[in-house]
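Welcome to a short tour of the model shown below. Have the viewer at hand and follow along at your own pace.

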Amino acid sequence: MKNNSTVIEKQLKKEKKQKTYQQYIYYKIIVIVILSIVLLAVAIFAVHAGSSGISVWDVMKTIFGAGTKQTNSIIFGIRLPRVVTALIAGMALGMVGCVMQSVLRNPLADASTLGVSQGAAFGATVAIICFGAGAQNSASAANAVNISNPYLVTLCAFIGGAVTTMIILGLSRFKKISPQSMILAGVALSALFSGGSTLIQYFADDVQVAAVVFWTFGDLGRTNWTEILIIVCVSAASCIYFMLNRWNYNAFESGGQTAKSLGVNVSVVTYVGMAVCSLVASVVVAFVGIISFVGLLAPHIMRRFIGNDYRFLLPTSALTGAVLLLTADTFARLIVAPVILPIGAITSFLGAPLFLYLLFKGVGKA
Amino acid sequence: MIEIKDIEFGYRSKKILHNISFDMNQGHCTAILGVNGAGKSTLIKCLNRINPVHKGAVMIENSNILDIHLNEMAKKIAYVAQKNEVSRITVYDAILLGRKPYIKWDITKQDKEIVDRVIEQLELQNYKMRFLDELSGGEFQKVIVARALAQQPKLLLLDEPTSALDPKNQYEMLSLVKRIAQQNQISVAIVIHDINLALRYCDRFLFIKDTEIYSYGGIETMTADLIEAVYHMPVVIEEYHGIKVMIPHPNQFLSTANPVM
């Protein structure tokens with residue numbers, strides 16, 4: 001009897017301790033607030049950090065319009081575009097990874113693992129080298145390409161990314177391939193596009209080769225405000241579309257058939273979702289090059305904290321993507337300053353171990 | 001009353017279902033029976049448009065489900081798949097998903113009230129904040145049924161809801177479904193292999209054989225001859241404490257292997 005009453009008491013205590021649903025929602029909102037604060041702090045640090053020694057106070061003064069000519073030029077001309085690009089590109093890639101993982105029901109899915117980024121990079125390379133959308137500058141490899149026609153680059157990148165997306169969707173729709181096979185298909189497509197880029201480089205002159213090689217490394221420092229505006233517009237419109245579909249993505253978590261029985265038009269949500277993802281990833285790739293694994297890392301980190309509820313997973317993945325990319329870029333700028341390491345390499349160092357971990361763990365359990 | 005009229009479905013030249021017509025009463029459970037591959041699961045997937053039917057109608061409250069918007073269909077028909085994916089979401093969130101067809105931008109107070117009511121009805125209060133991947137098979141199945149009930153459907157389709165459960169959980173699950181069907185006046189169609197479970201908890205019995213309905217009726221139609229004709233195995237139907245039970249004929253399926261001497 002004593003044992004029984006102890007068990008009941010323990011049960012009652014446990015029930016009292018049990019969180020209410022509202023508390024659980026508050027917890028998720030707190031995660032969003034904390035992430036936003038972290039992002040703001042990292043962004044301020046990123047604008048402040050550098051060889052010119054501008055203090056945080058001067059950074060704030062300059063941003064709010066009370067800077068000197070020199071600080072205005074450094075912050076608005078160099079650092080802020082770079083930081084804003086990292087913020088927007090990171091957010092966009094984080095969300096794209098999150099949505100791709102949902103609609104393809106594949107925890108390994110990301111623009112870079114499926115070959116969408118590589119397809120977009122090939123398209124952008126074609127635009128820059130073959131269609132003359134990039135003005136060549138032979139002064140240094142670091143500034144070898146200035147995009148003179150961002151719209152053509154975006155269009156060609158989107159076509160490259162969209163072709164890859166269509167092949168991946170076709171395979172998943174008609175062949176019902178496993179998540180691992182889908183990634184293998186991405187590897188094959190990446191190889192195909194790399195082959196295409198190699199061919200273009202083979203027939204290009206030295207400066208063009210240097211330009212394309214440097215361009216594909218990924219660099220957040222080459223965007224101007226017009227290009228940033230294009231990334232912002234595409235990302236913002238996509239963000240609205242993704243958020244409108246958050247309940248559909250939640251339904252996808254229960255499987256395609258259950259999602260349909262919950263009123264979701266599975267085909268439309270999948271195809272439109274992938275097309276939008278492909279567009280966003282292509283625009284990012286067109287202006288900053290290939291940045292791998294941010295879209296894989298960000299949603300997986302957040303799934304650990306807030307589960308698979310896309311109402312919160314989408315915004316937190318976006319914020320985490322931005323924090324990751326901005327931190328990686330700041331690290332790349334400072335670690336062996338004044339040399340700036342390619343951002344694509346840094347994110348690959350972070351993402352590849354996670355990718356291997358997911359593979360070893362088994363994607364079904366991820 | 002739910003009317004299924006002349007459903008026809010197939011893949012290219014292969015006919016799977018032909019001329020399927022039957023009615024279901026409110027609050028009644030209908031067992032869908034037949035051999036493996038007869039088209040039982042296919043039939044219920046036709047009723048909620050997972051499988052696109054070639055012709056026919058599913059009439060609920062004077063509207064043909066096959067013609068209306070998917071979202072409107074989801075307010076009238078709920079479906080519990082044979083295999084459900086386990087996601088890292090809480091039980092509460094999983095049940096809340098049943099309100100998906102009603103949600104415009106975000107959940108309302110009414111949605112929460114309905115979810116709370118379903119949780120109470122299915123006695124899930126103690127683990128409503130647990131994650132789905134922390135539940136036992138029986139608990140998980142209950143949550144999936146709860147999600148379907150949160151849709152407030154007129155017709156509930158269950159595809160082998162007991163196939164992954166132990167005997168105790170099988171009986172508990174079907175007893176729960178029957179109670180809820182009666183309380184909420186929902187028509188339930190259950191694809192099931194266990195004839196004894198069907199005999200105990202279902203009101204109507206529909207057999208599919210050779211793409212068509214072979215038999216449809218109440219408990220009185222469940223005879224040994226019928227089961228023998230469908231499954232090609234001799235059985236005996238007995239009554240135990242007022243409940244019909246099916247027993248395979250004692251001389252069937254005896255091992256013919258010679259014992260090792």
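Contact here means heavy atoms within 4.5 Å, and angles run from 0 to 180 degrees between N-to-C directions. With that in mind, helix α1 of chain B lies across β3, β6, β7 (155-159), β8 and β9 of chain B, and runs at about 150° to β7(B). Please keep in mind that this is a predicted model.

**The six-stranded sheet of chain B**

The strands that α1(B) meets here belong to an open sheet of six, in the order β6-β7-β8-β3-β9-β10 (chain B), with mixed pairing. β6 (77-80) and β10 of chain B each have a single partner strand, so these two stand at the edges with one side left without a neighbour in the sheet. On average, neighbouring strands of this sheet are turned by 20° against each other, direction ignored.

One pairing to look at is that of β3(B) with strand β8 (residues 187-191) of chain B: the two run parallel and are joined by four bridges. Within this pair, I32(B) stands opposite V191(B) in β8(B). Helix α8(B) also packs on the sheet, where it touches β3, β9 and β10 of chain B, and its direction makes about 30° with that of β9(B).

**The four-stranded sheet and its helix**

Chain B has another open sheet, made of four strands in the order β2-β1-β4-β5, with antiparallel pairing. At its edges are β2 (14-24) and β5 (63-64) of chain B; each has a single partner strand, so one side of each lacks a neighbour in the sheet. Strand β4 (residues 55-60) of chain B runs antiparallel to β5(B), and two bridges join them. I60(B) has S63(B) in β5(B) as its bridge partner.

Helix α1(B) turns up again here. Spanning residues 40-47, the helix lies across β1 (2-11), β2 and β4 of chain B, at about 65° to β2(B). What does a residue of this helix touch? S41(B) lies in α1 of chain B and is in contact with Q82(B), D159(B) and V191(B), leaving aside its neighbours within four places in sequence. Its relative accessibility is 18%, and S41(B) therefore counts as buried, since the cut-off for buried is under 20%. V191(B) is familiar from the six-stranded sheet, as the residue opposite I32(B).

**Helix α8 of chain B**

Which residues of helix α8 (residues 224-231) of chain B are buried? They are L226(B), I227(B), V230(B) and Y231(B). Because they cover an arc of only 105° around the axis, they sit on the same side of α8(B). Their packing partners are β3 (29-33), α7 (195-201), β9 (204-209), β10 (212-217), β11 (235-240) and β12 (243-248) of chain B.

Two of these partners, β11(B) and β12(B), pair in the antiparallel sense over six bridges. V236(B) stands opposite I247(B) in β12(B). The hairpin of β11(B) and β12(B) has two residues between the strands.

**Residues with positive phi**

Three residues of chain B are gathered here for their backbone angle.

| Residue | Phi | Place |
|---|---|---|
| Q152(B) | about 50° | loop between α5 (137-150) and β7 of chain B |
| H232(B) | about 55° | just after α8(B) |
| H241(B) | about 55° | loop between β11 and β12 of chain B |

Neither is Q152(B) a glycine, nor is H241(B). With a relative accessible area of 70%, H241(B) is exposed, whereas Q152(B), at 33% relative accessibility, counts as partly exposed.

**Two helices of chain A**

In chain A, the axes of helix α2 (residues 21-48) and helix α3 (residues 56-63) come within 9 Å and cross at roughly 100°. α2(A) and α3(A) are therefore roughly perpendicular to each other. From α2(A), I44(A), V47(A) and H48(A) meet V56(A), V59(A) and M60(A) in α3(A). The residues of this contact divide into five nonpolar, one polar and no charged.

Further along α2 of chain A, have a look at L39(A), which lies in this helix. At 8% relative accessibility, L39(A) counts as buried. Not counting residues up to four places away in sequence, L39(A) touches L87(A), M91(A), L319(A), A322(A), V323(A) and L326(A).

How values were computed: Residues are numbered from 1 along each chain as its sequence is written. Chains are lettered from A and ligands numbered from 1 in the order in which they are written. This is a predicted model: local features need pLDDT of at least 70, side-chain atom pairs count only at pLDDT 80 or more; totals for chains, interfaces and linings use all residues. Side-chain values use heavy atoms; hydrogens and water are left out. Two strands pair if DSSP finds at least two bridges between them. Buried means under 20% relative accessible area, exposed over 50%, partly exposed in between (1.4 Å probe, protein chains only). The arc is that of the directions from the helix axis to the C-beta atoms. Angles under 35 degrees count as roughly parallel, over 145 as roughly antiparallel, 65 to 115 as roughly perpendicular and the rest as oblique. Ala, Val, Leu, Ile, Met, Phe, Trp, Tyr, Cys and Pro count as nonpolar, Asp, Glu, Lys and Arg as charged, and the others, Gly among them, as polar.
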